[in-house]
Amino acid sequence: MMKGAFVLLSLFLNLKVRATKPYNNLTDTTRTFNNIIGDGADPWVIKDNGYYYMCLQKRGGVSISKSKYLSRPGEFKQVWHQPKTGWNKACLWAPEVHHIGSKWYIYYAAGESGPPFIHQRSGVLESVTDDPQGAYTDKGMLKTGDDHTDPTGTFWAIDLTVGFINNQLYAVWSGWEHNPTTDKTPQCLYIAKMSNPWTISSDRVKISSPEQTWETGGPLNLNEGPEFLKHDENIFIIYSTRESWLPSYRLGQLKLADPTRTPLNAGNWIKSGPVFRGTPDVFGVGHASFTTSPDGTEWWIMYHSKKEAKGNWNRNIRLQQFKWKKDGSPDFGKPIAGGTQIKRPSGELP
């Protein structure tokens, strides 16, 4: 995401590159694809009922594509546009769409103004029907403060995602400990219970701060972009750390030590990393999402990477397969150089 000391002159540039357009023209008989699948940032992809839905910020709103191909996004359709007034009228960041029950829910960050980006909060939209590309209603701002019963105590929050642990829905996000008047503020990861997809029902608990040597050392220490990743009995949160505008941006990992214990205790999470980082050819990898191939036999990571080494938010979206280690943790390997032709996900060919 865009934030911190170096955000001030670059927000609008970043927004322009968030729209994704395919880099390749696949046919059903093509056995490889270009691993750069489009321009943009903060990619979210979800597989549902034989289709892949990709969610991005685009033209001041949220757009969703639908495709049978993981390696080729479909045409994007805008499903929501920011209002002209209110807390969420500007600075739309990192939307993602989730299928919960019979409805779809879009979680996003926005603010009333910026820069400075001190007003960012997390909101949620609910689909009117069971069509993720249909109309949505605004369910409002999520209460991300220390006291979930106090609507005036909501703190800065971005990159909010949701997931079930032992049949309980949880929200995880990147936030600030307080609401200072500067966006040069370190970011931490928080978790809280939800009573339904639009209501946080417990006080937040901080489960990660940028404190390891591989999370610190730059101009601003960040933990952001958390995403759930589940495999067998293991529950992970994969998150981004270091500065998003620099080549040092990378992924870290939290593992719930015992899935039967509460995730609302920082001591129950084990941190390790970096689990995915750049190379001399690939700069600043981060904000990933995860899914499986059409036939379910392979796991794939979709992430964004910088187009060049110098500090900015000119990024594109990349896709590659990953494996699992013997201890049950993900093995993301190394990011593949941009423009490489790689084998398409299993089951994509007719």
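# A guided tour of cavity, pockets and side-chain contacts

Begin by selecting Val45, Tyr52, Met54, Ser65, Ser67, Tyr69, Leu70, Pro73, Gly74 and Met302, the residues that line the largest cavity. The model on display is a predicted one. The volume of this largest cavity is about 40 Å³, and the structure holds one cavity of 30 Å³ or more. Colour strand S4 (51–58) and strand S5 (61–67) next; each of these strands supplies at least two residues of the lining. Colouring by residue class then shows seven nonpolar and three polar residues around the largest cavity, with no charged residue.

**The largest pocket**

Move now to the largest pocket and select Trp44, Ile46, His98, Val162 and Phe228. The space in this pocket amounts to about 540 Å³, and these five are the closest to its centre of the 21 residues that line it. To see which elements form the wall, display strand S3 (44–48), strand S7 (90–100), S11, S16 and strand S20 (283–292), each of which supplies at least two lining residues. By class, the lining of the largest pocket comprises 11 nonpolar, seven polar and three charged residues.

**The second largest pocket**

The second largest pocket contains about 190 Å³ of space. Select Gln253, Ser272, Val275, Lys325 and Ser329, which are the closest to its centre among 13 lining residues. Two or more residues of this lining come from each of strand S18 (250–256), S19 and strand S23 (330–331). Which element gives the most to the lining of the second largest pocket? That element is S19, with four residues. The class division of the lining of the second largest pocket is five nonpolar, four polar and four charged.

**Salt bridges**

Keep S19 in view and select lysine 271 together with glutamate 215. Their side chains form a salt bridge, at 3.0 Å from N to O. Lysine 271 belongs to strand S19 (residues 269–276) and glutamate 215 to the loop between S15 and strand S16 (223–231), so this salt bridge ties together parts that are 56 residues apart in sequence. Is glutamate 215 buried or exposed? With 0% relative accessibility, glutamate 215 counts as buried, whereas lysine 271 is partly exposed at a relative accessible area of 22%.

Next, select aspartate 146 and arginine 204. The closest N and O atoms of this salt bridge are 2.8 Å apart. Aspartate 146 lies in the loop between strand S10 (136–141) and strand S11 (157–165), and arginine 204 in the loop between strand S14 (199–200) and strand S15 (205–208), so the contact ties together parts that are 58 residues apart in sequence. Aspartate 146 counts as partly exposed at 42% relative accessibility, while arginine 204 is buried, its relative accessible area being 10%.

A further salt bridge joins the side chains of arginine 344 and glutamate 348, at 2.8 Å from N to O. Both of these residues are buried. In total, the structure has six salt bridges.

**Charges over rings**

Return to arginine 204 and add tyrosine 190 to the selection. The charged end of arginine 204 sits over the ring of tyrosine 190, 4.0 Å from the ring centre. Arginine 204 thus appears both in this contact and in the salt bridge with aspartate 146. Then select lysine 139 and tryptophan 198: the charged end of lysine 139 sits over the tryptophan 198 ring, 4.1 Å from its centre.

**Aromatic pairs**

The count of aromatic pairs in the structure is 18. To inspect one of them, select tryptophan 80 and tyrosine 108, whose pair is tilted, with 5.0 Å centre to centre and 40° between the planes. The two rings come from distant parts of the chain: tryptophan 80 lies in strand S6 (residues 76–81) and tyrosine 108 in strand S8 (residues 103–111), 28 residues apart. Tryptophan 80 counts as buried at 10% relative accessibility, and tyrosine 108 also counts as buried, at 1%.

For the last stop, select Phe236, Phe276, Phe290, Trp299, Tyr303, Phe322, Trp324 and Phe332, which together form one aromatic cluster.

Technical notes:
Residues are numbered from 1 along each chain as its sequence is written. This is a predicted model: local features need pLDDT of at least 70, side-chain atom pairs count only at pLDDT 80 or more; totals for chains, interfaces and linings use all residues. Side-chain values use heavy atoms; hydrogens and water are left out. A salt bridge is a side-chain nitrogen of Lys or Arg within 4 Å of a carboxyl oxygen of Asp or Glu. Buried means under 20% relative accessible area, exposed over 50%, partly exposed in between (1.4 Å probe, protein chains only). On a 1 Å grid over the protein atoms alone, a cavity is a set of points where a 1.4 Å probe fits but cannot get out, and a pocket is an open set with protein on both sides within 12 Å along at least five of seven lines; lining residues have an atom within 4 Å of a point. Grid points are joined across faces, edges and corners, and a volume is the space filled by probe spheres set on the points. Ala, Val, Leu, Ile, Met, Phe, Trp, Tyr, Cys and Pro count as nonpolar, Asp, Glu, Lys and Arg as charged, and the others, Gly among them, as polar. Rings of Phe, Tyr and Trp (its six-membered ring) pair if their centres lie within 6.5 Å; planes under 30 degrees apart count as stacked, over 60 as edge-to-face and the rest as tilted. A charge sits over a ring if NZ of Lys or CZ of Arg is within 6 Å of the ring centre and within 35 degrees of the ring normal.
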